[in-house]
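Q: I am new to this structure and should be grateful for a guided account of it. Please take one part and examine it closely, with its surroundings.

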Amino acid sequence: MSNPTPVLSTDPTTLAAHTIHGVIPERVAIPRSQAEVSAVMHDAAQQGWSVIPWGGGTQQLIGAPPTRVDLVVSTAALTGVLQHEPNDLTISVEAGMTAGALRAYLATHGQMIPIDPALPARTTIGGMIATAADGPRRAQYGLLRDMIIGIHVVEVNGQPSRAGGMVVKNVSGFDMMKLYHGSYGTLALITAANFKLIPIPPARGSILLGCATRHTALTIVDTLMQSQLTPVACELLDATLARAVGFEAQWVVAIGCEGPEPSVERHIRDAVALATTHGARSTVRRLQEHDALWQVIADARTTDALASGELLLRWATIPAFVGDVLARIADCGQRLGVDPVVHVRASVGCGYVRLTGLSSAQQNAWIEAMPEVIAVATTDTTLARYWHPPAGGADVMQRIKAEFDPQGRLNPGRFVV
Amino acid sequence: MHYSGELIRALQAVVGTRGVVMGDAALMTYEADGCVMDLHAPNIVVLPQTSEQTAAIVKIAHQARIPVVARGAGTGLSGGATPIHGGIVIAMTRMEQVLEVDAANRRVRVQPGVINWELSQQLAPHGYAFMPDPSSQKACTLGGNIANNSGGPHCLKYGMTTNHVLALRTVLPNGDLIWTGNGRIDTVGYDLAGVMTGSEGMFGIVTEAWVRMTRLPEALRVVLALFPDIPSASQTVSTIIARGILPAALEMMDKLAIKAVNGMYKLGLPDSAGSALLIEVDGVSDGLDELLAQVVGICREHGAIEVRPATTAAEQAQVWAARKNAFGAMGRLSPSYYLVDTVVPRTKLPAILAHVGDVAKDFSLPIANVFHAGDGNLHPLILFDRRDKKQLERALGAATEILKESVRLGGVVSGEHGIGVEKRDYMDILFSTADLAAMAGLRKSFDPLDLFNPGKVFPARTGCGELAELRQNAIAANDIDALPSGTWV
């Protein structure tokens, strides 16, 4: 290489720390600025290296194993707040900042970005955007795609480009934020993003409703959603997760509320009444207990350090079909003799199922049995498929990929496109 | 240019003779939308009734390499529906069915010609609404809302159209008809519904959409606060937000706008008022009165001269009607107006409004302000007489000044009306060549032949095709200096 980049590392420990699906990368770059990212990407283009973007590394097991791991570009040194305007409720942060660090920073200003990823101490903003990560509070606040107002990327040849801005409402130009959100590092490397912020509401609390049957739990969710209550989260937990949150039941409906205190108290009161009506047990969690509860639920989807034979499936349907999907998961579990761990973002109609001790054939069978699966995480590198085909527009997606990465060097083989 | 008899017969075979509009007089209706600065008639207008017909029309156009412009109600304000290169206008107004109200899943499937207001009227008996509510909601269509990612007063709390679109059935520029998803937001692959929303008819033509319906709030409170001037009302907005209150809407009017609506809606607002702030809070009824009291307290803290709660539904409707029809009320003050749409960071509102006042003086034209204060989205209305060429020039000059100042203050050039043809030459004030080239690359992925709504969004000097080519060459040559990246954050 004629002009070696100072941030490039071939130190064995560093390389080993960035192992992907058992493959140790040839080299790792840890650029300290967007200019350095640009230089690294430019060099990679010159060398024809494949590039694997890396944030906190907690979601690298999602999708197919990359076909080539020439260079990992880590955002570990891009952790700063670029611009924060508290009174405008906007912030611009570098992609390598962790969700936990951002949460702590914003809390000092009484503000938040209400997305709750697994392992916030390690999960980065860039990684959350790239994987369209979700959290329980999407029930009320939506996904990061609904909060992102601007983005900075470095394109495949090292070219930096931007879209959006630092205002909360903007139709100046196409919505490139949505293009990069959920693109799994296949179109460009995200270096920073701008978000709109929400003031932390004055009060918060949650109610757990213990139900004997899935049917009762789903009826409670449906009644809640047809009401005029506005819970920020509404999750359905199976017996394993119920135990993890310290409330033994076959199924638990976990309802999170935020807002002015009278509003939170009203939600709690109505939810407790709902439990009584449906013969469910209930318990209320407040303050730190509330926070701890939701962190356990958020962490339930973790894809970090999966065991051999462990499979985490992210699935999505519509609320009315959740019962069908859960029945199919139960059947499949019985048929294959494994015990699935299930949690559902019930009011949204999506969720996760975790399975352990599966052979490759069993993992294939699960994925085939669930056309609702939208992401697969596993250490198995031999599966028949890691993605179901897109519902529509596969040709356009291929053209987008060819336009942004003509040589197919960004996260090659990883995604459906 | 006139199209061949063969082409016309092919179109008529798809939609019937009544679905094809020709003749200069009939085509005049389609030569502009609400932005009447640039006029251009289409060669032909086609009105499909189904997705399949729309796809067949596009296939014919694609084969003949004819530009296609989709059009809803034509209420757009940026020239998005103006066929500046002629060609075929596909008017979606005959596709106006609400196809499926799916209350269990809080979504509704609509055709693009459904009128925004009528959708919410249909959903109201179920206890739901489609939340984006542009001021033109009684006329504008869902298809237009999606193409422009429309906003409205309530997007402060509920988000823009993009936050309410779940899946789109779309005719692509080559005539392919696709669904972007199964009617839910989580999909496999790139977020096509996400990038198509707000793409101003340049990526595809929406023929059906799954959109969210939102449960109507249990209760709401509306209050109209009058202030002696703009800064005191702006400061009130900042304080409300800073205290952690997220109202459903925060709308402001200045003295001139108050004068216009006062006469028309008999609101009886005092002449001494320099600005009016309309505040709505909603949610469960518990705690809402306390919240309102807190908001009223903040208004008084910042020197409100009068705070009027609109307690009954009728009073609330009257206040809202005054706000939503404020643009129409300008007719009482001036024969025409130029409505500028721009956004600044919220805290820059007093600065930009002071600048707007200076611009009004410099260009000797009255400017009224009616705007979404909570979002920092302002809408200066430059009052002038279109028949006077000099006034028209001054109006355009005044708009340019306001847009440049918005960008200088950290804002952008459009908050909810879109770029279209009106703002395309402001795009390079805001974005670098590299930024625009990435957008051009995305556009090219959908429309390699530049057939759908050509000439929009990208600067006239450097169009979409040219930008996309520059970018591909830079990637091929691995040259990152070919495209200047600018310094904008």
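The answer below begins with one chain as a whole, passes to the contact between chains, and ends with a close look at a single residue and a single strand.

A: The model discussed here is predicted. Chain A offers a convenient starting point. Its secondary structure comes to 13 helices and 19 strands. The radius of gyration of chain A is 22 Å, close to the 22 Å that the globule rule gives for 417 residues, so chain A is as compact as a globular protein of that length. Along the principal axes, the C-alpha atoms of chain A fill a box of roughly 75 × 55 × 40 Å. Of the 417 residues in chain A, 60% are buried. Among contacts in chain A between residues at least 6 apart in sequence, 71% join residues at least 24 apart.

Chain A also meets chain B: 81 residues of chain A are in contact with 82 residues of chain B. Several elements of chain A each supply at least two residues to this side, including α2 (34-47), β5 (81-85), α9 (261-277) and α13 (394-404). The most is given by α13(A), with 7 residues. By class, the side of chain A that touches chain B has 38 nonpolar, 29 polar and 14 charged residues.

Chain B is divided into domain 1 (1-216), domain 2 (219-328), domain 3 (334-408) and domain 4 (431-476). Between the C-alpha centres of domain 3 and domain 4 of chain B there are 30 Å.

The residue chosen for the close look is B:Ser234, which is found in helix α8 (residues 230-242) of chain B. B:Ser234 counts as buried because 25 other C-beta atoms lie within 10 Å, and the cut-off for a buried residue is 20 or more. Leaving aside residues up to four places away in sequence, B:Ser234 touches B:Leu349, B:Pro350 and B:Ala373. B:Arg346 is 112 residues from B:Ser234 in sequence, yet the two are 8.5 Å apart in space, C-alpha to C-alpha.

A strand of chain B completes the picture. In a regular strand, the side chains alternate between the two faces of the sheet. Strand β3 (residues 68-71) of chain B is covered on both faces, with B:Val68 and B:Ala70 buried on one side and B:Val69 and B:Arg71 buried on the other. The strand β3(B) pairs in the parallel sense with strand β4 (residues 88-91) of chain B, over 4 bridges. Within this pairing, B:Ala70 has B:Ile90 of β4(B) as its bridge partner.

Methods. Residues numbered from 1 in each chain as written. Chains lettered and ligands numbered in written order. Predicted model: local features only at pLDDT ≥ 70, side-chain atom pairs only at ≥ 80, totals over all residues. Contact = placed C-beta atoms within 7 Å. Nonpolar A, V, L, I, M, F, W, Y, C, P; charged D, E, K, R; others polar. Domains from an automatic or database assignment. Buried ≥ 20, exposed ≤ 12 C-beta atoms within 10 Å, placed from the backbone. Pairing = 2+ DSSP bridges. Rg over C-alpha atoms; globule rule 2.2 N^0.38 Å.
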